[in-house]
Amino acid sequence: MLVTFVLVVTAIVTALYAYSRYHHNYWSARGVPTAPNLLPFLGHLHTQIFCGKKARWEHADEAYYHGGSRLCGFYEQFKPVLMIGDPDIVKAVLIKDFDHFINRRETKMMSKRDKIFNGILTVLTGDEWKGVRSLLSPIFTSGKMKGMFRLVEHKAEELNAYILREMKANSKIKIRKAFGLYSLEVISSCAFGMETNTLADDGNSIFNQKVQAMSKISTGRLLKFLFFMMCPKLCQALQINLTVPETEFFKEVVEEAMRSRENQQHKRGDFLDLMMEARKDHNNPNANTNKYTITDQVVVSNSILFILAGFDTTANTLCFVAHMLAQNPEEQQRLRQELRDIIKDHGELTYQSLLEAKFLDAVMNETLRLHPTAIFTERQCTKDYTIPGTNVTVRAKDMIMIPTWSIQRDEKYWPQPTKFRPDRFLPENKDQIRSGTFLPFGLGPRNCIGMRFALMEAKLALAKMVLNFELSCEPGKEEMELDTSIGLMKTTEDCSLIFTPLE
Ligand code: HEM
């Protein structure tokens, strides 16, 4: 009896192992090296989700160099994922042959509770994505950003006032908290038209609490997401949803704001106004050439998306840039001087002068090179595609992963890659940057739609801060500590800098 049992178990384990080996042969059969740390059944999921002692970007970096920084194969359980590190191939996938790679990972859910989640731009696919993106793009033009400049500037001034208040107790400021509150206040004002007073009430607003809860990646949510990645069909059959209860709160906020603005003459010029205007245009049959229209549902979904996509990313980028300047006092002084000169010439900071501040732009870019909050960019292949210059064909549904962090720190493209050297982004040096190697906002038609807004928001806060304070590191804490858990690249919660007011 026991012998039979052992034999049956052994046969089952052997068969399962052979099944796993067969599927994990996909890349080697195509001559592509397989990334290290492959596990039977799981593939490389553990290196992306439960990363252990190493950060996700360190696991990715290992694979990047393992593949000779060109191609390297991963498996999410049995799903093939191809890492592409070569800048020419990156450009082919993201720009030239975009029609093969229009989608990101499939995350559309079947549950009715995920209706809002399913309508956000990041999740949409194919023609529906194209239609909604083309409706939303005009909201982010340079002209529209200029219209929002004073709204954002006002919040940057409130950030300075917050820092001054905090300094009364301690000159050591917790920057993640400060920039998180700022970025939330900006996005709630610009997306929902809501004055949350988050900075004034030290983050106690209900709005802040709901956003924190909505963007928190708890173990429960992580497991749900993992389950979704491993068994999407089963999740759909079981109607498992990814929507968090806080979504309902934001839905009501947007719907209420829309109702109250319906007949208002005065316009704030924020995202909600702009989306409502676009909705009106698309209700006019004479103006409508796009078969996708901006419905109330699109407005609600994408207002919530702007919070999700724009809150942590901008706050984290501000933490990184403030830290870089605190570590590099000469660069900080150069930036201060450039800003003082602008104010001498123009009398104040304007949208145009902020755009033209070359060193400010270089400082932001160099920070985004060293610390891209999104360490990968992903695409899903929609029709079979042969990678240019190789015999490797990826099939429809295979995933492509572009290792932004590794490419932006590769010595081949960036001399002294770990050094903070803003000069490399000055106009006179820009032609030395190889195209396809700088991707903090992605690249091509599906890049970050909020890039202009994010840069305006971050540059304004930084400019006001550097004009008013000297930023320095706490002695012994010159190195920035990074949070290596799942999600975006960020500093640890208690990351602080010393602020000294300038005369
Ligand atoms: C420093 C701040 C930010 C960074 C570093 C950042 C980065 C990114 C990256 C890397 C992507 C993926 C691009 C790709 O796949 O090629 C993305 C997409 C996106 N971002 Fe941002 N982002 C930032 C701020 C914002 C803000 C403020 C908003 C909105 C107001 C926003 C809205 C979006 C949206 C909607 C997408 C999806 C675009 C689509 O699928 O068509 N982002 N972002």
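**Close-up views of a predicted model**

**View 1. A salt bridge within helix H18 joins Glu366 and Arg369****.** The side chains of Glu366 and Arg369 come together in a salt bridge with an N to O distance of 2.8 Å, a salt bridge being a side-chain nitrogen of Lys or Arg within 4 Å of a carboxyl oxygen of Asp or Glu. Both residues belong to helix H18 (residues 358-370), where they are three residues apart, about one turn of the helix; helices (H or I, at least four residues) and strands (E, at least two) are DSSP runs, numbered from the N terminus. Glu366 counts as buried at 0% relative accessibility, and Arg369 likewise counts as buried at 0%, where buried means under 20% relative accessible area, exposed means over 50%, and partly exposed lies in between (1.4 Å probe, protein chains only). This is a predicted model, in which local features need pLDDT of at least 70 and side-chain atom pairs count only at pLDDT 80 or more, while totals for chains, interfaces and linings use all residues. Residues are numbered from 1 along each chain as its sequence is written, and side-chain values use heavy atoms, with hydrogens and water left out.

**View 2. Salt bridges link helix H8 to other parts of the chain****.** By the salt-bridge rule the count comes to 29. In one of these, Arg150 pairs with Glu348, the closest N and O atoms being 3.5 Å apart. That pair links distant parts of the chain, since Arg150 is in helix H8 (residues 142-169) and Glu348 is in the loop between helix H16 (329-346) and helix H17 (351-356), 198 residues apart. Arg150 is partly exposed at 40% relative accessibility, and Glu348 is partly exposed with a relative accessible area of 38%. A further salt bridge brings together Glu185 and Lys155 (3.4 Å, N to O); Glu185 lies in helix H9 (residues 175-192) and Lys155 in helix H8, so this pair ties together parts that are 30 residues apart in sequence. Both Glu185 and Lys155 are buried.

**View 3. The iron atom of the ligand has Cys448 as its single protein donor****.** The SG atom of Cys448 is 2.3 Å from the iron, where donors are N, O and S atoms within 2.8 Å of the metal (3.2 Å for Na, K and Ca), and the site may look incomplete because water is not among the atoms. Cys448 is placed in the loop between helix H19 (404-407) and helix H20 (451-468).

**View 4. Four strands form an open sheet with mixed pairing****.** The strand order is S1-S2-S7-S4, and two strands pair if DSSP finds at least two bridges between them. Strand S1 (71-76) and strand S4 (377-380) are at the edges, each with a single partner strand, so one side of each is left without a neighbour in the sheet. From one strand to the next the twist averages 25°, with axes taken as lines fitted to C-alpha atoms and angles running from 0 to 180 degrees between N-to-C directions. Strand S4 pairs with strand S7 (residues 399-402) in the antiparallel sense over four bridges, and Thr377 stands opposite Ile402 in S7.

**View 5. Strand S11 pairs with strands S3 and S8****.** Strand S3 (residues 172-174) and strand S11 (residues 496-501) run antiparallel and are joined by three bridges, with Lys174 opposite Ser496 in S11. Strand S8 (residues 469-472) also runs antiparallel to S11, with four bridges between them, and the bridge partner of Ser472 in S11 is Ile498.

**View 6. A nonpolar surface patch includes Phe5 of helix H1****.** Leu2, Phe5, Val6, Val9 and Val13 make a nonpolar surface patch of about 480 Å². Patches are made of residues with over 30% relative accessible area and no salt bridge, with like charges joined within 9 Å and nonpolar side chains (Val, Leu, Ile, Met, Phe, Trp, Tyr) within 5 Å; accessible areas come from the Shrake-Rupley method with a 1.4 Å probe, and for residues only the protein chains shown count as cover. Phe5 lies in helix H1 (residues 2-23) and is exposed, with a relative accessible area of 54%.

**View 7. Phe41 has a positive phi although it is not a glycine****.** The phi of Phe41 is about 70°, and Phe41 is found in the loop between helix H2 (26-29) and helix H3 (45-48). Phe41 is partly exposed, with a relative accessible area of 35%.
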